Structure formats: C-alpha cells, structure tokens
Amino acid sequence: MRVPSILTATALVAGSAHAFYLPGVAPTSFEKDQRVPLNVNSLTPSLSHQDDQIHAVVAYDYYHSTFRFCKPEKGPQWVRESLGSIIFGDRIRTSPFELHMGRNETCKSICDSRAFDEQAARFVRSRISEGYLVNILVDGLPGAEQVRDGYTGEVYSSPGFPLGRVTEQGDVVLNNHWDIVVDYHRAGLRGGRYRVVGVLVQAHSDADARRIDGGKAECGNGKRELLLNENGETKVTYTYSVYWRESKTAWATRWDKYFHVEDPKIHWFSLINSTIFVVFLLGMVSTILLRALRKDIARYNRLDNINLDDLSGTSAVGEDDIQEDSGWKLVHGDVFRSPRHALLLSVLLGSGAQLFLMVGFTVLFAMLGFLSPSNRGFLTTVGLLLYTIFGFVGGYVSARSYKTFGGELWKVNMATTPLLVPGTVFGLFFLMNLMVWAKGSSGAVPLSTMLALIGIWFVISVPLSLGGSWFGFKQPAIEPPTRVNQIPRQIPQVSRSLSLWPSIMMTGVLPFCAIFVELYFIMTSLWSSRIYYMFGFLFVVYGLMVLTTACTTVLLVYFMLCAEDYRWQWRAFVGSGMTGVYVFVNALGFWAMKISFGGMVGTVLYVGYCALIGGLVGLLCGTIGFFAAFFFSMRIYKSIKID
Ligand SMILES: *[C@@H]1O[C@H](CO)[C@@H](O)[C@H](O)[C@H]1NC(C)=O
C-alpha cells in the first residue's frame with residue numbers, strides 16, 4: 001500500500017531519531033576475519049504474539065545461574081554503560097561467542113553440555129511461557145527477530161528473540177540453537193572496511209545437539225525439539241551458527257529497520273484529532289472569555305463612573321444596574337490572598353517548573369535526533385542531567401512564588417525545595433528496587449548507581465537549587481494589581497457546594513484526552529521493552545497538553561471567580577493535576593487489558609511505577625495550570641478600576 005508507506009516515511013521524518021548521530025557515535029569498522037564482539041544483555045519480558053499480552057515485568061540477568069548459559073573463561077566482564085541505561089534495566093556483559101567478520105561458521109559450541117535439574121527446568125519453563133526474550137548486541141546493534149506487520153505486510157526487526165516456545169501440544173521447548181545472521185556493509189576506499197549493519201537471530205530447539213571432543217559440536221537436523229524435563233535431569237548443549245551477508249544498508253541507516261510504526265495512521269489520526277480539538281477549545285475559551293471579560297470590564301468601569309455621578313447627586317440610574325455589580329470583581333480584595341499551605345504549594349510549583357523544562361527539552365532533543373537509540377539509555381541520562389541543571393529554575397520559582405504568597409519561612413522553603421519531590425521519587429524508587437533485588441532479578445539497580453544518583457543529587461542539584469532560591473528571594477515579590485483586604489470575604493454558600501469535585505475532575509479530562517493515544521504507545525514500549533522513538537509526535541502532543549491544561553484551568557478559575565469563590569490557587573493546581581490521576585487510572589486499565597502476570601512483586605512494581613509516573617504528570621500539569629491561572633487573574637484584575 002502506498003499511503004501508509006508515505007505516512008511511515010513522514011512519521012520517520014517527524015520523529016527523525018535516526019537522522020543524525022551524536023559526534024561521539026562513530027562507526028566501528030572491522031577487518032575481514034577480525035573478531036566482532038558479541039555482548040549480552042538481560043532477558044526481558046515481551047508482548048506475546050499469541051495473546052497480545054505482557055506476562056511479566058522484571059528483567060533477568062543473562063548470567064542468572066538457572067539459565068545455564070555459557071560464560072567466558074575468565075568470567076563475564078561488564079561493558080561500560082550510561083547511567084540512564086543502567087536505570088532502565090540494561091546489564092550488558094561480554095560473552096564467549098566467537099564471531100569473525102565475513103566468516104560463515106556452522107554449529108559451534110562454546111561450553112560443555114549443561115544439566116538442568118528439576119528446579120532449574122521449572123524456572124526456565126515458566127520464563128519461556130511468560131515469553132521472555134534473549135537480548136544480544138553485536139557492535140551495539142540488538143539481535144532481532146524478523147516480524148511481519150499484520151496490517152501492512154511490512155517486514156521489520158524487533159529487538160530480542162525468544163528464549164523458547166510453547167508448542168501447540170502445550171510442551172515447553174528451549175531454544176538452544178541460535179542462527180545468528182549478521183549483515184555487513186563494505187565501506188572505505190576499496191571496500192576494505194566492514195561494518196555491522198544488521199543482526200537477525202533465528203533461534204530454534206535442537207534435542208540432538210551434542211558437543212564432541214576438541215571443542216566441536218554436532219547439530220541435529222532440527223526435527224527433535226528439546227523439552228525441559230520437570231521430573232529429572234535434562235542435558236542441554238547450547239550451539240550457534242554465524243552467517244554473514246553483504247548488505248547495501250549504510251551504517252548511518254542501520255537502525256531504520258528497528259523503527260517500525262505499527263499503525264502510523266493511528267498516530268496521525270490521534271494527532272489531527274487532538275489538534276482540531278485543542279484549536280477548537282482554544283477558540284472557544286478565547287472567544288467566550290474575551291467577550292465575557294470585555295463585557296464585565298466595561299460594566300465594572302461604567303458602574304464606577306455611575307457611582308461617582310451618584311455621589312455628586314445627579315442619579316440617573318435604576319437600582320438594577322447597581323445590583324448587577326456581581327461576579328469576579330467582588331472578590332478583588334481576596335483573590336490574591338495567600339493560599340493555605342503556601343509553603344507546600346510553592347515547593348511543588350518549583351519542582352513542577354523544573355520537571356516542565358526537563359521534559360520539554362528532553363523531548364525536543366530526542367526529536368532533533370540527538371538521542372539516537374544506539375546510545376543506550378541516553379534519553380534517561382540526558383533527562384536526569386537536565387533535571388539536575390534545572391534545579392536552579394526549581395529553586396527560583398519556588399522561592400519567588402513563596403515570597404509572592406507572603407511566606408516568611410524562607411529558610412524552610414529553600415531547604416525543602418530540592419528535597420521534597422526528588423526525595424519522594426527516590427524513596428519510592430529505592431523501595432521498589434529493594435523488592436526487585438529480593439526477587440533476584442537483574443532489574444535491580446546496583447548500589448553503586450544508587451550512590452551515584454545520590455551524589456549527583458546532593459553535589460550538583462541541591463547547590464543549584466539553593467542558588468536559585470537565593471536568587472529568587474532577592475527578587476521582589478510579584479505585586480498583585482489589587483490590594484488584599486484585611487478581613488477575608490465570606491464565600492457564598494451556593495458556590496461552595498456548586499462544583500468542587502466535578503469541576504476538579506473535569507479540568508484534568510481534556511489534557512488527558514490530548515495525550516491518551518501517545519500514552520498507550522509509550523506504555524506498550526515501556527513494559528514490553530520495545531524501542532519508542534516517535535518523538536516528533538511526542539513533542540507536538542506535549543505542546544498540545546500544555547495548551548489544553550492552561551486553557552481548561554483558566555476556564556475553571558474564571559467560573560470560580562464568577563461564583564465569588566476566591567480560593568483558586570490549590571483548586572487550579574489540583575484540578576489540572578488531575579491529569580496525573582487519569583494517567584494512573586489509564587495505566588490500571590492498560591494493566592487489565594494488556595498485562596497478565598500474577599505475583600506480588602510484579603503487581604507492586606507495576607502499580608508503584610505507574611503511581612510514580614502519574615504523580616509526576618500530575619505535578620507537571622498542576623504547575624502549568626497554576627501559572628496559567630495566575631497570569632490570567634493578574635491580567636483581568638489589572639484591567640478593572642478599583643477605588
Ligand atoms: C554465508 O552465508 C550466507 C547466508 O547463508 C550466504 O549468503 C553467504 O554467501 C555465505 N558466505 C560465504 C563466504 O560463504
């Protein structure tokens with residue numbers, strides 16, 4: 001089909017993650033027959049092809065003893081990785097596989113046969129039924145399986161290949177033989193340099209594989225599959241073959257096969273949908289609001305004039321007109337009254353602003369293609385780094401808001417800003433990590449990485465935040481356009497009961513609608529270890545979310561003020577922050593639809609991570625909503641005359 005492929009192409013340009021590479025990522029060239037390193041990564045759960053479900057959450061170390069994979073003689077070495085890569089569960093280590101550029105080799109074995117006792121067999125059988133994938137890297141390129149798209153018939157590479165499979169009779173077989181097909185590209189002046197541009201692995205099960213003397217092996221014809229016996233010992237010989245194919249793919253485009261848009265139409269459809277929706281919303285909000293406001297302001301200012309005339313004794317006005325003096329003007333003496341728990345609000349706003357900038361810039365960089373997937377975990381690393389640097393902004397926003405709220409505990413504010421939100425996130429992360437660690441999976445982030453995180457936090461982020469706070473407190477407080485009355489005004493009973501929860505719930509719905517579809521794709525790639533790269537879409541969607549949040553919160557606050565309820569600060573924050581709650585609820589829905597795993601640890605981890613994501617989205621949207629409402633109220637009260 002023509003149209004989808006054009007769409008795909010456009011989508012790839014839109015999310016041109018593959019177009020550029022960081023200067024540091026230079027191609028590696030090999031001589032003919034030179035050894036090409038093959039590294040192994042942790043085994044990850046996947047989206048099962050059979051029932052379209054995800055059956056597990058935690059990753060397992062490749063060298064977890066129960067898999068009995070062959071180890072290098074001197075023991076596996078760690079391969080240097082970025083911080084983000086480790087946090088995201090990569091555990092890359094060396095392996096004893098011998099690949100020589102351009103040399104086809106069949107049926108090799110690297111270690112003696114392995115014995116699986118009942119317990120190990122049971123463990124591996126459950127991992128196979130859960131659809132675990134083996135992940136290998138040849139020159140940084142993941143060993144992939146070829147998958148055909150059900151809709152378009154396109155063939156693409158999906159990283160990882162199955163550990164085993166469940167046959168139609170319900171037997172569980174282990175894939176102990178791997179056919180590794182490596183595509184290479186000739187480069188250089190006389191084509192004397194060879195580069196790895198594609199890695200496919202076809203794994204199958206072979207009960208007849210035997211290791212014979214002299215480090216050689218003998219493979220069967222693949223007729224008999226290897227069942228793991230649960231009542232007794234099973235001998236397993238791991239074997240592999242390597243095939244090299246010359247390819248026209250250039251090194252710079254070697255990742256393209258991995259970027260597959262499952263259904264690009266959905267992305268476009270949702271994007272166009274949300275855009276129309278947001279434009280409509282913006283139009284509605286601005287016309288209604290502008291017209292209503294202009295009318296209000298004109299009326300208020302006319303009334304002022306009339307009142308002046310009144311004093312001079314030339315009354316020509318009916319009672320009605322004067323009684324009309326209602327609505328948001330009446331609360332002008334209270335609208336800038338400092339909210340309850342101003343300290344907490346200002347700290348949250350500071351962290352929210354920090355998060356806002358971090359997400360925006362990370363997605364922008366990713367969209368521009370600076371964070372290519374060949375730099376594993378680079379996205380997370382850059383995100384962390386940006387968050388750390390924007391600590392300055394966080395401190396500044398928190399301090400300045402606190403000062404504007406008239407808060408006096410400035411030392412407490414300064415100290416809390418860099419600790420509250422990062423501390424909560426880190427604490428939760430740490431607790432969940434303890435659980436993974438207790439389960440013996442490799443998903444647990446090592447202690448050294450944890451310490452590095454704490455180090456970055458206290459050595460860079462905290463001082464930056466303190467600096468920002470200091471700078472923020474030096475600045476004058478933002479002067480509200482109207483003075484705050486001594487005595488708080490009574491809030492009419494009607495408006496109190498009018499719409500607290502419904503209005504709060506409503507505010508978060510629209511921003512959530514704007515991100516809903518993209519969220520689904522992010523969730524799928526997050527939990528089934530696929531590559532997410534549609535950053536072009538994500539950037540637009542992020543912008544749409546910001547706009548919708550701002551609009552709906554402004555509407556909420558306008559209606560509140562019209563109902564003479566002036567306690568808008570927390571309401572604006574919580575109302576727009578509701579988006580996070582919807583994200584969380586949606587994640588639970590995703591769980592019910594797509595994920596079927598039992599076990600306490602899996603459940604707690606899933607719910608915990610989703611709560612964390614929901615909380616951060618809530619903080620982000622809450623901050624956007626608050627500031628939109630803040631500038632809105634500054635603007636409207638500036639335009640009326642108050643005696
Ligand atoms: C190696 O195997 C591949 C795939 O079977 C084949 O296309 C290629 O010609 C072989 N190369 C050599 C040098 O035999």
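**Close-up 1. Leu419 and its surface patch in the predicted model.** Leu419 is partly exposed, its relative accessible area being 37%, in what is a predicted model. This residue belongs to the loop that runs between α9 (410-416) and α10 (420-439). On the surface, Leu419 joins Phe458, Val459 and Ile460 in a nonpolar patch, and together these residues have about 360 Å² of accessible area.

**Close-up 2. Strand β7 and its covered faces.** Strand β7 spans residues 133-138, and because six of its six residues are buried, the strand is largely enclosed by the rest of the structure. On one side the buried residues are Leu133, Asn135 and Leu137, while on the other they are Val134, Ile136 and Val138, which leaves both faces of β7 covered.

**Close-up 3. The strands paired with β7.** Strand β2 (residues 38-44) runs antiparallel to β7 and is joined to it by five bridges, with Asn41 standing opposite Asn135 of β7. Strand β11 (residues 161-162) is likewise antiparallel to β7, the two being joined by two bridges, and here Leu133 has Pro162 as its bridge partner. Two bridges also connect β7 with the antiparallel strand β8 (residues 141-142), where Pro142 is the bridge partner of Leu137. The strands β7 and β8 form a hairpin with two residues between them, and Asp139, which lies in the turn, has a positive phi of about 50 degrees.

**Close-up 4. The surroundings of the ligand.** Asn104, Tyr243 and Trp244 surround the ligand. An N or O atom in the side chain of Asn104 is 2.3 Å from an oxygen atom of the ligand. Of the 360 Å² that the ligand exposes when taken alone, the protein buries 37%.

**Close-up 5. Glu230 and its two arginine partners.** Among the 18 salt bridges that the structure holds, one brings together the side chains of Arg122 and Glu230, with an N to O distance of 3.4 Å. This pair links distant parts of the chain, since Arg122 is in helix α3 (residues 118-129) and Glu230 is in the loop between β17 (216-218) and β18 (234-236), 108 residues apart. Glu230 also forms a salt bridge with Arg125, in which the closest N and O atoms are 2.8 Å apart. Because Arg125 lies in helix α3 and Glu230 in the loop between β17 and β18, this second pair ties together parts that are 105 residues apart in sequence. Arg122 is partly exposed at a relative accessible area of 42%, Glu230 is partly exposed at 27%, and Arg125 counts as partly exposed at 21%.

**Close-up 6. The salt bridge of Arg224 with Asp208.** The side chains of Arg224 and Asp208 meet in a salt bridge with an N to O distance of 2.8 Å. Arg224 is in the loop between β17 and β18, whereas Asp208 is in the loop between β15 (193-204) and β16 (210-212), and the two residues are 16 residues apart. Arg224, at 47% relative accessibility, counts as partly exposed, as does Asp208 at 25%. Elsewhere, Asp33, Glu98, Arg103, Glu105 and Lys108 are joined into one network by salt bridges that share partners.

**Close-up 7. Ile491 and Arg567.** Ile491 has its place in the loop between α11 (447-474) and α12 (493-498), where this residue is buried, with a relative accessible area of 5%. Although Ile491 and Arg567 are 76 residues apart along the chain, their C-alpha atoms are separated by 9.2 Å.

Key. Residues numbered from 1 in each chain as written. Predicted model: local features only at pLDDT ≥ 70, side-chain atom pairs only at ≥ 80, totals over all residues. Heavy atoms only, no water. Buried < 20%, exposed > 50% of the residue type's maximum accessible area, 1.4 Å probe, protein only. Helix = DSSP H or I, 4+ residues; strand = E, 2+ residues; numbered from the N terminus. Pairing = 2+ DSSP bridges. Patch = residues over 30% accessible without salt bridge, like charges linked within 9 Å, V, L, I, M, F, W, Y side chains within 5 Å. Areas by Shrake-Rupley, 256 points an atom, 1.4 Å probe, with all protein chains shown as cover. Salt bridge = Lys/Arg side-chain N within 4 Å of Asp/Glu carboxyl O. Near = heavy atom within 4 Å. Polar contact = N/O pair within 3.5 Å; in protein donor to acceptor, adjacent residues only side chain to side chain.
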